[in-house]
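Hi everyone, thanks for making time. I'd like to walk you through one structure today, so have the viewer ready.

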Amino acid sequence: MTLCDASALIALINRNDNNQSRCAAVLSRLQAPLVTTWSCFTEAMHLLGRYGGWLAQQELWSYVADELLVLHVSNEAEQRRMQQLMEQYRDVPMDLADASLATAAEVLNQKTIFTLDRDFYIYRLPGNQPFDVVP
């Protein structure tokens, strides 16, 4: 499994995104499935609706139907951890979607994240470990 941010999902689907070819090229090298959170999925749906309307949103839904993308559901402890991380990184600032991915990384014991968000070079996992950011 590979954690996946909204930015990478948007780039894969939005043919006008400058990072589309770069993200598509790396996709086959990532460990399947892609895992994202509801916060990231919501963000991607919203932005894809703006860029490509229902057809782009439908393509994102097809990622879920085809099990290319799995949605991680957080529990109460994870939600408290998200709040802690948002406070810790408030100077960046860390948004809810990023906090949900960082928390999922901790829970799922995953370091690799498929994202175009440079903030993941700043965020740290327990033990001060950096994320492995792809592409």
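I'll go through the helices, then the salt bridges, a surface patch, and a few backbone oddities.

One thing up front: this is a predicted model, so please hear everything I say with that in mind.

Okay, helices. Two packed helices are described by the angle between their axes and the distance between the axes. Let's begin with H1, which covers 6-13, and H3, which runs over residues 38-65. Their axes come within 9 Å and cross at roughly 25°. That makes H1 roughly parallel to H3, since angles under 35 degrees count that way. As for the hand of it, H1 passes H3 in a left-handed crossing.

Now stay on H3 and look across to H5, residues 96-108. Here the axes come within 8 Å, with a crossing angle of roughly 140°. So H3 is oblique to H5; to be called roughly antiparallel, a pair has to be over 145. This crossing is left-handed too: that's H3 and H5.

H5 also has H4 to deal with, and H4 is residues 76-88. The H4 and H5 axes come within 9 Å and cross at roughly 120°. Again, that makes H4 oblique to H5. The hand here is right-handed.

While we're on H5, find Leu 101, which sits in that helix. Is Leu 101 buried or exposed? Buried: its relative accessible area is 0%, and the cut-off for buried is under 20%. Now measure across to Trp 38 in your viewer. Leu 101 and Trp 38 are 63 residues apart in sequence, yet their C-alpha atoms are 9.7 Å apart in space.

On to the charged side chains. Side chains of opposite charge can pair when their charged atoms come close. How many salt bridges does the structure hold? It holds 2.

Take Glu 59 and Arg 15 to begin with, whose side chains meet at 3.6 Å, N to O. Glu 59 lies in helix H3, while Arg 15 is in the loop between H1 and H2 (20-27), so this pair ties together parts that are 44 residues apart in sequence. How covered are the two partners? Glu 59 counts as partly exposed, at 24% relative accessibility. Arg 15 is exposed, with 53%.

The other one is Glu 106 with Arg 81, at 2.9 Å, N to O. This bridge takes us back to a helix pair we've already met: Glu 106 is in H5 and Arg 81 in H4, so the contact ties together parts 25 residues apart in sequence. Glu 106 is partly exposed, with a relative accessibility of 24%, and Arg 81 is partly exposed as well, with a relative accessible area of 24%.

Next, turn the model so you can see the surface. Which residues form the nonpolar patch there? They are Trp 38, Trp 54, Leu 55, Trp 61 and Val 73, and together they have about 600 Å² of accessible area. Trp 54 is a good one to click on. It's in helix H3, and it is exposed, with a relative accessible area of 51%. The cut-off for exposed is over 50%.

Last stop, the backbone. There's a cis peptide bond between Val 92 and Pro 93, with omega about -15°. Pro 93 is in the loop between H4 and H5. Another cis bond joins Val 134 and Pro 135, where omega is about 10°. Pro 135 lies in the segment after strand E7, which is 132-134.

And then two asparagines. Asn 109 isn't a glycine, but it has a positive phi of about 55°. You'll find Asn 109 in the loop between H5 and strand E4 (112-114), and it is exposed, at 67% relative accessible area. Asn 128 does something similar: its phi is positive, about 60°, and it isn't a glycine either. Asn 128 is in the loop between strand E5 (124-125) and strand E6 (129-130). It's exposed, with a relative accessible area of 57%.

That's my tour; happy to take questions.

Methods. Residues are numbered from 1 along each chain as its sequence is written. This is a predicted model: local features need pLDDT of at least 70, side-chain atom pairs count only at pLDDT 80 or more; totals for chains, interfaces and linings use all residues. Side-chain values use heavy atoms; hydrogens and water are left out. Patches are made of residues with over 30% relative accessible area and no salt bridge: like charges are joined within 9 Å, nonpolar side chains (Val, Leu, Ile, Met, Phe, Trp, Tyr) within 5 Å. Accessible areas come from the Shrake-Rupley method with a 1.4 Å probe; for residues, only the protein chains shown count as cover. A salt bridge is a side-chain nitrogen of Lys or Arg within 4 Å of a carboxyl oxygen of Asp or Glu. Helices (H or I, at least four residues) and strands (E, at least two) are DSSP runs, numbered from the N terminus. Buried means under 20% relative accessible area, exposed over 50%, partly exposed in between (1.4 Å probe, protein chains only). Axes are lines fitted to C-alpha atoms, for helices over the stretch in contact, and angles run from 0 to 180 degrees between N-to-C directions. Angles under 35 degrees count as roughly parallel, over 145 as roughly antiparallel, 65 to 115 as roughly perpendicular and the rest as oblique. A crossing is left-handed if the near helix is turned anticlockwise from the far one by less than a right angle, and right-handed if clockwise.
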